[in-house]
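Reader: I have a structure open and no idea where to begin. Can you walk me through it?

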Amino acid sequence: MSNKEKLNFSTLFRWEGLLVILIIGTSIVNGRLSTHFWSYAGIMDALAVFLEKGFMVLSMVFVLIIGDIDISVASITALSSVVMALFFKTGLPMELAIFVALAVGAGCGFFNGMLISRIPNLSAIIVTLAGSSLYRGIAYILLGDQAVGGFPSWYSYLAWGYIGKTNIPFIMVAFLLGAILYGFILHRSTFGRKVYSIGNNLTAARFSGVPVAKIKQIIFTLNGLMAGVAAVFLTSKLGSSRPNIATGYELEVIAIAVLGGVSPSGGRGGIVGACLALILMRLLRYGMGLKNIPGQVMMVIIGIVLVCVVMIPNLLTFRKKPIKLSKTQE
Amino acid sequence: MNTNEKSKSLRMLIKIRGFREFGIIIFIIVISILIGIRNPRFLTWGNIHDMLLDTAILSILAVGMTLVLVTGGIDLSSESGLALTGMIAGMMIKDNPHLSPILMLLFGIVLGSILGAITGLIVSKGKVFPIIATLSMMYVYRGITFIISGGKWINAYEMPDSFKTMATGRLLGFSNLIAIAIVVYLVFYFFVNHTRTGREIYAVGSNFEAARIIGINTGFIIWLVYTLSGALYGLAGVMWVARYASAQNDTASGFVMTIVAACVLGGVSISGGVGTISGVLLGSIMIGIINNALPMIRVSPFWKMALQGLIILVAVLVNILISRNAEKAQLKQREARAMYHE
């Protein structure tokens, strides 16, 4: 047991070390491209722009670790944002409208989770694929091709504001709190251990008394909730809501989680790696932005990165050394 | 005794599947009559022909998707693969207007096969999950479409008449596109049901390990289905550009939902191993009817997306219920037989 744990730790460290090296390398390149990059405020702003996706990454890590996938998150974000905007337009105070957005996100996630966990043989792929059409479709039914804006001025503080007179963006503090919370749940709680056990061996987990259906339900609901959180911050950033916001986010969120060492086949990865990958992805995007690379091309690069990150370890078969169990273990 | 039992359960499965397809046909007839009552124009020959014309492209894409689904995978990249081949074909025909349309169709098939082969290699050799591989390639092909076109469209006036009349021309009273779809269906019906490779696709989908152990080259089969899917979306891409006389960057954006909906409506199982060519044809026709009927009964086009998601969910649930009932009935039969022997 201890032997295996040590092995896992060393591979994890290697992966996260690699991410740190890549982050440093990208930062140096970015520093060469722009003289404004190496300033405290510059780095803070560069990171803060991206963080609404980070909220989605946190819960996507859980979904991937149990060996499932959720491609409806981008659509849930769009629906939450649209419903929030519509409630605000009908006269609901913004504070309550934000809660509506969170409730819509959690509700969509709950619906996904209910179908996936209660009905045997129903895969998360098809449920969330149908969901991604359904939720964005509802957003289109509600709003058509219009946009709703005119939110109160304090609302933009969520995405653009700073804490007090410091240079620390509010969204960054919120994200860090979220990351610590999720890291604690995943790595320091029994719930987290159960999540890993499901990802490593579903049947074994079920037979050893892990309530698999309940945990899947909770994880998908959380994923919907975080899509709602992302909707609140994204709408604050954009200043208006439309049914087509957050298009393509599902690819990027999954790509970041996988880049962070979370295996899509389940059971491997953690929050730290995902956060490092988030920073790396943001710095890459920042650098590409400096070189005037259009968004479509960035999606090509992100897609290729995702495929390569999953594929390369599979192709390097020498990585798979048999794990020797020590005799003293018994 | 054993063979008798087997043939009986097999007969029952065929009955259930046949019943399912019969059910879809009844549903198609009923819904057509209902829509016809709301809007008499729906049941005119002109509209039915238009509807079939739209369904032709969808049904070809659905065949490719079915092959992938039968192996237990999914090909999300088909919509942007279609856009990319369509765009390249459009640019070629713009620069060389003398090229014959048949050559363009062949070119689409070859180009699509190459795109599909790349996806197939990633899935079969790179061992990347189909959902992750094809989700990535969906954005990669879409992005490449944007890059090579520079964000511009190819418009109708830039295309030669010979290319556009391919879509409007008729063969034996049907549009050429419908004729192409019929040929595709005949070829794939034969391929899936009467060739060794075709049956191996089902073997890989129903039990991967068993298929590998009895000597089926599973890697090749997986690669093949993505390549065939590519060939079909390449063909459909050229047909799409000819039909709508324009090649755009966002051609068929979101269309993969329609394709998957057609497949699951036609009884293709997402977990692999189950699906027939005739079922997919019926599923495509049904989606074609729904898409055509919505504007006719004055449903806002904004409803289309949500309805598609709902259709996929309901169809998948129905599929699961049907297969569970079939299994239960089989178990009961076996139980009765065991008791008889006691």
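Author: We can take the confidence scores, then the contact between chains, then one pair of helices. This is a predicted model.

Reader: What are the ipTM and pTM scores of the model?

Author: The ipTM is 0.85 and the pTM is 0.87.

Reader: And what does chain B average for pLDDT?

Author: Chain B has an average pLDDT of 88, and 94% of its residues score at least 70. Where pLDDT is low, predicted coordinates should not be read in detail.

Reader: OK, the contact. How many residues come from each chain?

Author: Chain A gives 35 residues and chain B gives 34 residues.

Reader: Which elements of chain A give two or more residues to that side?

Author: Those are helix H6 (124-143), helix H12 (249-259) and helix H14 (295-315) of chain A.

Reader: How do the residues on chain A's side divide, nonpolar, polar or charged?

Author: On the side of chain A that touches chain B, 24 are nonpolar, ten are polar and one is charged.

Reader: Switching topic. At what angle do H12(A) and H13(A) pack?

Author: The angle is about 120°, and the axes of H12(A) and helix H13 (residues 271-290) of chain A are 7 Å apart. H12(A) is therefore oblique to H13(A). Their crossing is right-handed.

Reader: Which residues meet there?

Author: From H12(A), A:Ile256, A:Ala257 and A:Leu259 meet A:Ala274, A:Ala277, A:Leu278, A:Leu280 and A:Met281 of H13(A).

Reader: What classes are those?

Author: The contact of H12(A) with H13(A) has eight nonpolar residues, with no polar and no charged ones.

Note on methods. Residues numbered from 1 in each chain as written. Chains lettered and ligands numbered in written order. Predicted model: local features only at pLDDT ≥ 70, side-chain atom pairs only at ≥ 80, totals over all residues. Contact = placed C-beta atoms within 7 Å. Helix = DSSP H or I, 4+ residues; strand = E, 2+ residues; numbered from the N terminus. Nonpolar A, V, L, I, M, F, W, Y, C, P; charged D, E, K, R; others polar. Axes fitted to C-alpha atoms, helices over the stretch in contact; angles between N-to-C directions. Parallel < 35°, antiparallel > 145°, perpendicular 65-115°, else oblique. Left-handed = near helix turned anticlockwise from the far one by under 90°. pLDDT = per-residue confidence, 0-100.
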